[in-house]
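Student: I would like to go through a model with you, one question at a time. Could you put the sequence and structure up so that we can start?

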Amino acid sequence: MNATSVEVSDQFYCKNSELCVVHQILVEKAGGVRKFILNRPRQLNALSHKMISQLLHLFLACEEDHMVKLVIVKGNGRAFSAGGDAASVARDIIKGNWKSSAAFYHDCFSLNYLLATYSKPQVSILNGIVMGGGAGVSIHGRFRVATENSVFAMPETALGLFPDVGASYFLSRLPRFFGEYVGLTGTRLDGAEMLACGLATHFVSSEKLPALEEALCRANSSDPALISAIINGFSQQPYLKDESAFHRLDAIDRCFSKRTISGILLAVEKEAVRCSDQWISAALKSSRTASPMSLKLSLRSVLIREGRLQGIGQCVVREYRMICNVLKGEISKDFVEGCRSIFFDKDKNPKWNPSKLNQISESMVDRHFLKLDDEGWEDLKLPPRFNLPAHAIAKL
Amino acid sequence: MASSSSSSVDQVSRRTQILTNHLNQSGFAPYSSSSSSTSLEFSACINFSPPELSERIEFDTKEMRKLLDAHNLEDRDWLYGLMRQSNLFNPRKLGGRVFVWPDYNQSMEQQREMTMKRIGYMIDRGVFEGWLTAQGPEAKLRKLALMEVIGIFDHSLSVKLGVHFMLWGGAIQFFGTKRHHDKWLRATENYAVKGCFAMSELGHGSNVRGIETVTTYDSKTEEFVINTPCESAQKYWIGGAANHATHTVVFSQLNINGKNQGVHAFIAQIRDLDGNICPNIRIADCGHKIGLNGVDNGRIWFDNARIPRENLLNSVADVSPDGQYLSSIKDPDQRFAAFLAPLTSGRVNITVNAVYSAKISLAIAIRYALTRRAFSVAPNEPEMLLLDYPSHQRRLLPLLAKTYAMSFAANYLKFLYVNRTPELNKAIHVVSSAFKAATTWHNMKTLQECREACGGQGLKTENRIGHMKAEYDVQSTFEGDNNVLMQQISKALFGEYIAAKKGNKLFKGLGLEHLNKSCPVTASQLTSSTLRCSQFQTDVFCLRERDLLNRFVAEVSEHQAQGKNKEYAFILSYQIAQDLGRAFSDRAILQTFTEAERALTGGPLKEILGHVRSMYALITLEEDSSFLRYGYLSTDHVAAVRKEVTKLCSELRSHALALVDSFGIPDAFLSPIAFNWLESNSWSSVQQQLGGTTFASAI
């Protein structure tokens with residue numbers, strides 16, 4: 001914990017000395033507008049711990065800085081951000097250092113919470129891949145601009161994880177049972193689908209992005225109505241493709257509203273017999289290859305059991321307990337196995353353990369929600385939020 | 001106006017000064033050049049501050065919720081989610097939050113159709129799986145938990161389901177035999193048939209044995225013939241009958257070969273599967289009601305309607321094909337008692353529902369009282385939060401404590417019911433009668449107080465509380481009028497007393513064992529620690545029950561000695577009967593509370609529950625005049641109690657938010673005034689055209 005506070009002051013000096021250009025995050029200033037550019041293009045802007053800490057401090061500093069009106073977040077290269085740096089987290093665990101992974105998530109979830117309760121408008125330009133942790137640094141903000149290049153996914157169940165970064169909050173608030181579908185199958189959504197389901201607030205063609213940014217800088221305003229009007233000026237109504245799952249909400253309801261994972265899988269199988277749509281066969285395939293423990297955690301615990309009924313603060317505190325239990329690996333080691341099969345050995349053939357849903361008892365799932373019995377471990381402490389606009393608070 | 005005297009100039013300047021002061025006081029200082037605020041946001045006169053920012057949470061509210069909800073928490077949350085995610089449940093976005101509650105501005109017909117559509121949605125999602133076909137306590141608890149959640153959304157929906165599953169389905173389960181179970185239970189569970197329960201008549205409600213519908217048997221065709229002989233015999237208030245039900249259980253006198261065998265239950269079809277009313281059946285609507293307009297209550301007349309012999313629900317009595325009456329229970333009184341079993345399940349359901357209704361209203365009113373301010377104590381000071389007024393605490397916090405107590409009582413009753421054995425039937429009947437009356441009266445009182453505590457906001461239907469008064473009023477009447485139930489409790493206790501004294505036996509069951517011990521004595525001086533001691537509280541409750549029972553028996557005996565018959569003697573002793581009924585209920589409720597407390601090992605949860613229990617006990621001592629009337633407490637005692645209640649109010653004040661959070665009712669099922677009522681009432685909320693919002697309000 002002491003190490004973190006040293007980092008805090010480092011960043012603080014960095015900001016005060018106005019030398020804000022750091023390697024993995026580029027900061028551009030234009031009047032009252034700050035642009036934070038995720039800058040790890042070769043890793044598809046995967047978020048390292050350093051980037052998370054920098055973002056945390058940058059956002060906190062900008063909130064205090066009366067000069068700052070608006071924050072724009074975007075990615076360098078063809079991705080917005082492909083997520084948290086799971087591979088390096090997994091390497092830490094393998095080295096026996098799960099606690100440093102926990103520290104990563106601690107900062108990451110604190111950032112998610114900060115953005116969800118941020119007092120100034122954030123415009124995220126999602127011109128490319130937005131996955132996992134990438135969603136966590138954008139979806140919680142006020143304006144999310146999708147483009148024809150946007151690809152959104154929460155692919156955690158294939159990695160032996162569960163949708164985190166506050167996803168239990170935002171996925172559970174998608175229309176009907178679309179959130180369960182997106183979170184459990186890890187399906188990819190395009191920009192039009194993101195707009196349709198509410199993950200994005202606007203759709204702007206990528207060629208208009210430079211002009212949009214310029215207009216936002218020129219306006220130099222914090223007024224959400226004005227910002228919205230400016231983005232609207234560049235927006236278009238994208239075509240939602242015929243085969244989009246979003247046209248199949250009734251079928252998605254039938255399957256994904258079920259009380260249990262096995263109920264959902266059964267319903268998906270039934271649905272797949274009834275129709276041969278691509279989305280349902282993909283859903284069937286991905287749910288069969290996902291970690292059974294991940295599925296149970298994601299559904300029973302994140303989407304249905306808790307997230308839908310909780311505020312963002314409660315959501316990230318719970319997710320932090322869960323992720324720490326996953327990282328410690330006493331109940332299941334699926335996360336390391338998922339990383340092995342996807343990042344290290346690349347055999348795409350994970351050996352989940354437990355391998356079947358019926359081998360997972362309720363109490364094994366329950367244990368993920370308990371505080372860790374580990375010396376020095378503490379629940380996630382949410383950063384204090386002063387002058388919080390009331391609309392931002394669900395229940396702290 | 002023309003006179004430009006100096007006094008008029010003075011007046012103007014004084015007024016200007018006053019206005020400026022007003023503006024400055026409320027933090028709205030548009031002309032102040034020294035304003036350091038650089039915020040571009042409009043600075044409102046009053047800022048909304050969520051209670052979570054100022055209130056401390058000193059115990060684990062999740063653990064408390066586990067204790068209060070007691071079972072099937074995940075099933076509950078799943079169903080909350082199912083409702084919240086469907087447009088059928090009328091989600092509305094206000095102040096950036098989604099709320100669900102039925103549109104009570106719809107016509108009666110529309111509300112009834114919505115109720116059926118919501119049921120259809122839940123059928124498709126397997127909510128009712130196993131409600132009638134699964135065995136064992138676990139399945140029953142799941143059903144009860146889901147019913148509770150449904151009731152939190154809408155009382156009509158829960159009543160409509162209660163009639164179909166608990167009354168119609170329950171009648172088939174309890175009065176029917178295998179042939180009925182095989183034919184009807186599965187069909188009921190998946191709504192292949194829609195059932196109702198035709199018991200009460202225009203002329204007979206609580207007095208079921210007096211109903212006038214008559215059924216005879218025709219051995220030639222092996223059919224029963226059901227008839228409504230007069231207008232007072234029309235079936236009345238039959239939930240589901242007006243629009244949707246295809247079948248009904250009919251309660252009727254059974255007349256075999258000219259001999260009346262008493263009340264029996266039959267299955268009759270009243271509509272075909274296309275919804276057309278069957279021949280020899282007439283149905284009329286009960287019309288618009290003060291509440292529960294999502295339930296289609298109707299009236300039924302039977303014009304010598306014929307039903308197959310097999311449709312007699314024959315668990316206690318049967319009629320052979322050649323028309324012989326057969327029953328294993330010879331005593332018609334006992335036979336009738338066997339019929340009352342399904343009504344017990346209804347009472348269990350009502351009891352629990354009433355407690356959840358009180359929880360909703362308290363959660364809303366207390367959250368509002370933690371954010372709404374009124375009047376300053378001194379000039380230039382900020383206005384005071386409603387809940388910081390001792391008077392406001394005194395209005396809401398004792399009701400909160402009672403709601404906790406009754407929550408434990410309801411759980412006790414529920415578990416008694418799902419684990420019941422035939423020996424427990426009498427106890428369940430008495431306890432369910434007592435708790436049903438106590439909780440439903442408590443709920444109505446709570447709703448009224450909470451409505452008033454929310455001021456004008458309480459009158460808006462969207463804020464739920466005011467409307468719920470009309471929705472829940474019926475609870476004190478259906479499944480047994482509360483006053484009649486109180487008398488039944490006293491009668492039952494009378495029976496226990498006579499049996500114990502005559503047989504020279506000890507009291508056993510119904511929590512009456514304390515009567516076997518010597519009479520507790522109240523200390524002459526009541527200190528704070530005595531008042532908060534659970535032994536003292538129990539003693540004084542027991543003392544009241546014991547003495548009132550003695551008095552009741554004495555009074556009834558006196559009337560009997562004067563030549564009145566027993567029934568009339570009971571009727572004449574109604575005042576003590578009422579007091580005794582309450583004494584029994586209060587003591588039984590306190591007992592469930594102390595038992596729930598005892599199960600905890602310690603820690604902050606147990607500590608706070610101790611305060612809540614003391615509040616429950618002491619407020620009962622303060623409010624119920626029988627303690628003073630019969631001298632269980634002196635005027636000095638009552639003064640000490642009153643002082644202690646005030647102290648407890650200020651102690652519970654700091655836990656108020658945590659205590660209502662522990663109810664576990666999701667935000668969407670509360671109401672806009674429970675949250676940011678400034679934003680939900682703002683002009684921009686009227687316009688709802690602000691593009692781009694935080695995630696929660698984006699969808």
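Student: In which loop of chain B does B:Asn504 lie?

Tutor: Some ground rules come with the answer: this is a predicted model, in which local features need pLDDT of at least 70 and side-chain atom pairs count only at pLDDT 80 or more, while totals for chains, interfaces and linings use all residues. Residues are numbered from 1 along each chain as its sequence is written, chains are lettered from A and ligands numbered from 1 in the order in which they are written, and side-chain values use heavy atoms, with hydrogens and water left out. Helices (H or I, at least four residues) and strands (E, at least two) are DSSP runs, numbered from the N terminus. B:Asn504 lies in the loop between helix H14 (482–502) and helix H15 (528–531) of chain B.

Student: Is B:Asn504 buried or exposed?

Tutor: Its phi is positive, near 50 degrees, in a residue other than glycine. Buried means under 20% relative accessible area, exposed over 50%, and partly exposed in between, with a 1.4 Å probe and protein chains only. With a relative accessible area of 71%, B:Asn504 is exposed.

Student: And B:Tyr191, is that residue buried or exposed?

Tutor: B:Tyr191 sits in the loop between helix H8 (178–189) and strand E3 (195–198) of chain B. Its phi is positive, about 65 degrees, although it is not a glycine. At 11% relative accessibility, B:Tyr191 counts as buried.

Student: Which two residues does the cis peptide bond join?

Tutor: Look in the loop between helix H16 (334–344) and helix H17 (362–367) of chain A, where A:Pro354 has its place. Omega is about 0 degrees at the bond, which joins A:Asn353 and A:Pro354.

Student: Which residues touch the most other members of the largest nonpolar core?

Tutor: A nonpolar core is a set of buried Ala, Val, Leu, Ile, Met, Phe, Trp, Tyr and Cys residues joined through side-chain atoms within 4.5 Å. The largest share of this core, 15 residues, comes from helix H11 (residues 390–418) of chain B. Of the 310 residues in the core, those touching the most other members are A:Phe152, A:Phe178 and B:Tyr404.

Student: How are H11(B) and H19(B) oriented to each other?

Tutor: The axes of H11(B) and helix H19 (residues 604–623) of chain B come within 8 Å and cross at roughly 110 degrees. Such axes are lines fitted to C-alpha atoms, for helices over the stretch in contact (heavy atoms within 4.5 Å), and angles run from 0 to 180 degrees between N-to-C directions. Angles under 35 degrees count as roughly parallel, over 145 as roughly antiparallel, 65 to 115 as roughly perpendicular and the rest as oblique. H11(B) and H19(B) are therefore roughly perpendicular.

Student: Which residues of H18(B) make the contact with H11(B)?

Tutor: Helix H18 (residues 574–598) of chain B has an axis that comes within 8 Å of the H11(B) axis, crossing at roughly 90 degrees. On the H11(B) side, the contact includes B:Tyr404, B:Phe408 and B:Tyr412. On the H18(B) side are B:Ile589, B:Thr592, B:Phe593 and B:Ala596.

Student: Which strands stand at the edges of the chain A sheet E4-E6-E8-E9?

Tutor: These four strands form an open sheet with mixed pairing, where two strands pair if DSSP finds at least two bridges between them. Each edge strand has a single partner strand, so one side of each is left without a neighbour in the sheet: these are E4 (79–81) and E9 (189–190) of chain A.

Student: In E11(B), what is the bridge partner of B:Ile226?

Tutor: Strand E5 (residues 223–227) of chain B and E11(B) run antiparallel and are joined by four bridges. Along strand E11 (residues 305–308) the side chains alternate: B:Arg306 and B:Pro308 point to one face and are not buried, while B:Ala305 and B:Ile307 point to the other and are buried. The bridge partner of B:Ile226 is B:Ala305.

Student: Over which residues from 19 onward in chain B is the pLDDT below 50?

Tutor: pLDDT is the predictor's confidence in each residue, from 0 to 100. Chain B averages 91, and 92% of the residues score at least 70. One stretch with a pLDDT below 50 is residues 19–44.
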